[in-house]
Amino acid sequence: MLKEFYNIISTYLIGIVDFDYIFVIFLATTSASIAYFMAITYIITQMDSQYFIRKDIPNDIANKKKQLTSMSRSITYVISIVKVMIGIVLIVSGIVMLVLPGQGIITLLIGLSLVPFPGKNKIEKNLLARKSVQHSLNWIRVKANKPLFIFE
């Protein structure tokens, strides 16, 4: 049944689009995948090795946040909004990559780390408890000659 469905879909697509269009789509998706992998690799290698260890915010940092001027508060809010939007895009992309080719769980993890919401720490800990996720993250760091992540 699945093979018949595939044949029907492929016959339909070949009938409405030509080879050049399929080739351009193939090149675009391949290029996007390579660019995405390079970006994720760069992000992972730039993170602190103790990033996934929860720490309390020191009082000095908390006091500096209170002393922000109105202009710097505006910039901080804009950066926070952009960070949340990027996080949401990464979460959606990660969910899609769970069924499509790509690094779905790592993308979800990075997206979750950018978006503030209740229960975030529990979900991150659940994902980081998987040995395959830890191995993948540390494999990328080994290839970049960076120190391994320390997980709680």
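Tutor: Welcome! Let's begin with a term: accessible areas here come from the Shrake-Rupley method with a 1.4 Å probe. Please keep in mind that this is a predicted model.

Student: What share of the area that the protein chain exposes do carbon and sulfur atoms supply?

Tutor: Start from the total, since the share refers to that. The protein chain exposes about 11,500 Å². Of this area, carbon and sulfur atoms supply 69%.

Student: How many helices and how many strands does the protein chain have?

Tutor: Follow the chain along its sequence, and the pattern reads α-α-α-α-α-α-α. Each symbol in that pattern is an α. The count is therefore seven helices and zero strands.

Student: Which element gives the most residues to the largest nonpolar core?

Tutor: That core has 19 residues, and I44, F52, L109, L128, L137 and F149 have the most contacts inside it. The elements giving two or more residues to this core are α2, α4, α5, α6 and α7. With five residues, the one that gives the most is α5.

Student: How many residues of helix α5 are buried?

Tutor: Helix α5 covers residues 104-114, which makes eleven residues in total. Among its buried residues are I106, T107, L108 and L109. The helix is mostly covered, and its number of buried residues is nine.

Student: Is T107 buried or exposed?

Tutor: T107 lies in helix α5. Leaving aside neighbours within four places in sequence, T107 is in contact with Y36, L90, S93, G94 and M97. Buried means under 20% relative accessible area. T107 has a relative accessible area of 0%, so it is buried.

Student: Which residues does L109 touch, not counting those up to four places away in sequence?

Tutor: L109 is one of the buried residues of α5. L109 is also among the residues with the most contacts inside the largest nonpolar core. Its partners are F52, E124, L127, L128, V133 and L137.

Student: What is the angle between the planes of the aromatic pair F149 and F151?

Tutor: A search of the whole structure finds one aromatic pair. F149 and F151 form this pair, 6.1 Å centre to centre. Both residues are buried. The pair is tilted, with the planes at an angle of 50 degrees.

Student: Which residue lies over the face of F149?

Tutor: F149 already has an aromatic partner in F151. Another residue sits over the face of F149, at 4.4 Å from the ring centre. That residue is R141.

How values were computed. Residues numbered from 1 in each chain as written. Predicted model: local features only at pLDDT ≥ 70, side-chain atom pairs only at ≥ 80, totals over all residues. Heavy atoms only, no water. Buried < 20%, exposed > 50% of the residue type's maximum accessible area, 1.4 Å probe, protein only. Helix = DSSP H or I, 4+ residues; strand = E, 2+ residues; numbered from the N terminus. Contact = heavy atoms within 4.5 Å. Core = buried A, V, L, I, M, F, W, Y, C linked by side-chain atoms within 4.5 Å. Phe/Tyr/Trp six-rings, centres within 6.5 Å; stacked < 30°, edge-to-face > 60°. Lys NZ or Arg CZ within 6 Å of the ring centre and 35° of its normal.
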